[in-house]
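Let us walk through this model from the inside out. Keep the sequence and the 3D view side by side.

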Amino acid sequence: MITLLTWAVIILAIVAVARLVRIYELAAEMRGGKPQWEVTENDNRMNARLMMVFCIVFFVFCFWVFFITKDKLLPTAASEHGAQTDWLFNFNMVIITIVALITNFCLFYFAFKYYKGKKNETATFFPESHKLELIWTVVPGIALTVIIFLGIKTWNTITSPAEGESIKMELFAKQFDWTARYAGKDNILGRRLFRLITDTNPMGLDPTDPAGNDDIVVRNEFHLPKGKQVDFQLGSRDVIHSAYMPHFRAQMNCVPGMTTSFHYVPTITTEDMRKDPSVIKNVEEANVELAKKGEPPFEFNYLLLCNKICGLSHYNMQMNIIVDEPEAFNAWISKQKTVGSSMTAETKQNDTKIVAENK
Ligand SMILES: [Cu+2]
């Protein structure tokens with residue numbers, strides 16, 4: 001409420017000043033001063049100087065905003081390719097910043113420098129210059145080619161099928177939660193059939209597929225081993241969702257009726273990431289706010305989020321990811337129940353019947 005009142009006062013003050021200036025102008029004209037539409041040398045000089053003032057204030061403002069918000073950007077990349085995409089992002093930002101500084105400075109500086117028109121002097125007539133056109137075509141052309149080439153090269157390595165040894169797993173989306181499934185000992189994910197989806201078999205896993213027996217289904221959180229390639233297969237039960245794992249710089253759509261994929265190598269364990277200065281700072285800040293509200297403090301966790309607005313509880317669609325050292329990961333996964341051992345006999349029987357009917 002106070003802020004609303006403050007804004008109202010500021011806006012009214014601006015309006016009042018504008019009206020006062022107008023009254024002053026009209027009064028000056030009535031006293032026989034210069035007509036208000038006449039632009040004098042003084043007016044031009046004033047505007048030229050204001051151009052330079054605006055240019056400097058604008059630049060300072062941009063750098064200040066960047067400086068105060070840089071900690072709010074994503075923390076250190078926690079995957080191998082994440083370091084590459086971050087490098088690309090920074091490379092692009094440096095080029096953009098340099099070009100923006102030069103072009104915007106020129107824009108304001110020339111308005112400042114040439115505010116004074118000289119009598120009997122006309123502007124140079126400059127209809128065409130092939131040299132100039134060649135420069136402004138070739139230079140941005142080369143810059144864009146370099147940027148696009150580096151971008152495509154990185155994109156292709158990230159999105160190409162996983163090569164070599166990898167842990168296969170599936171991230172399955174539905175309104176409004178995630179389920180993670182590991183391919184188990186055989187490293188082959190069992191079949192899913194949408195006709196089998198029921199309350200007791202929410203993913204529609206096919207009990208007649210032997211590859212699915214050793215699969216492991218987990219909810220709430222899933223673990224990943226550090227330094228091992230993880231090959232994700234992504235699916236959706238209802239609408240388009242998007243699996244977004246910001247710390248690993250990974251995002252891929254989950255589309256009903258088709259399978260998409262993404263693979264990456266986690267490089268920092270959850271434990272080590274909690275010691276990262278940028279993470280510590282943000283967690284401390286957040287905990288100060290939580291303490292004010294009397295809520296318990298929280299600890300950093302990697303997240304799987306949904307990044308497609310998929311319905312009412314979209315905002316709540318998240319799952320924690322724990323990156324462990326490989327030994328700890330193996331110990332954790334060996335304790336999880338397989339699909340074969342957790343599916344009830346009744347579900348198995350019903351689903352086997354449905355599969356047979358639909359053959
Ligand atoms: Cu979603």
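The largest nonpolar core of this predicted model holds 40 residues. Those with the most contacts inside this core are Leu 171, Ala 173, Trp 178, Ala 243, Met 245, Leu 304 and Ile 321. Strand β1, residues 167-174, gives the most to the core, with four residues.

Take Leu 304 as a way in. Set aside its neighbours within four places in sequence. Leu 304 is then in contact with Leu 171, Trp 178, Ala 243, Met 245 and Ile 321. Gln 318 and Met 319 are also among the contacts of Leu 304.

From β1, move across to strand β5, residues 230-236. The two strands run parallel and are joined by seven bridges. One pairing to find is Leu 171, whose bridge partner in β5 is Leu 234. On β5, turn next to strand β8, residues 260-264. Here the pairing is antiparallel, over five bridges. Phe 232 stands opposite Phe 262 in β8.

How enclosed is β5 by the rest of the structure? Seven of its seven residues are buried, so β5 is largely enclosed. In a regular strand, side chains alternate between the two faces of the sheet. Both faces of β5 are covered. On one side, Val 230, Phe 232, Leu 234 and Ser 236 are buried. On the other, Asp 231, Gln 233 and Gly 235 are buried too.

Now look at helix α2, residues 41-69. The helix is hardly covered: of its 29 residues, the count of buried ones is zero. What span should α2 have at 1.5 Å a residue? The expected value is 42 Å, and the end C-alpha atoms are 42 Å apart, which agrees.

The loops hold some backbone details. Start with the loop between β1 and β2 (177-182), where Phe 176 lies. A cis peptide bond joins Gln 175 and Phe 176, with omega about 5°.

Next comes Asn 187, in the loop between β2 and β3 (216-218). Its phi is near 55°, a positive value in a residue other than glycine. Arg 249 likewise has a positive phi, near 55°, and is not a glycine. Arg 249 sits in the loop between β6 (241-245) and β7 (250-254).

Are these two residues buried or partly exposed? Asn 187 has 15 C-beta neighbours inside 10 Å, so it counts as partly exposed. Arg 249 has 21 other C-beta atoms within 10 Å, so Arg 249 is buried. The cut-off for buried is 20 or more.

Conventions. Residues are numbered from 1 along each chain as its sequence is written. This is a predicted model: local features need pLDDT of at least 70, side-chain atom pairs count only at pLDDT 80 or more; totals for chains, interfaces and linings use all residues. A nonpolar core is a set of buried Ala, Val, Leu, Ile, Met, Phe, Trp, Tyr and Cys residues joined through C-beta atoms within 7 Å. A residue is buried if 20 or more other C-beta atoms lie within 10 Å of its own, exposed if 12 or fewer, and partly exposed in between; C-beta atoms are placed from the backbone. Two residues are in contact if their C-beta atoms, placed from the backbone, lie within 7 Å. Two strands pair if DSSP finds at least two bridges between them. The expected span of a helix is 1.5 Å times one less than its number of residues.
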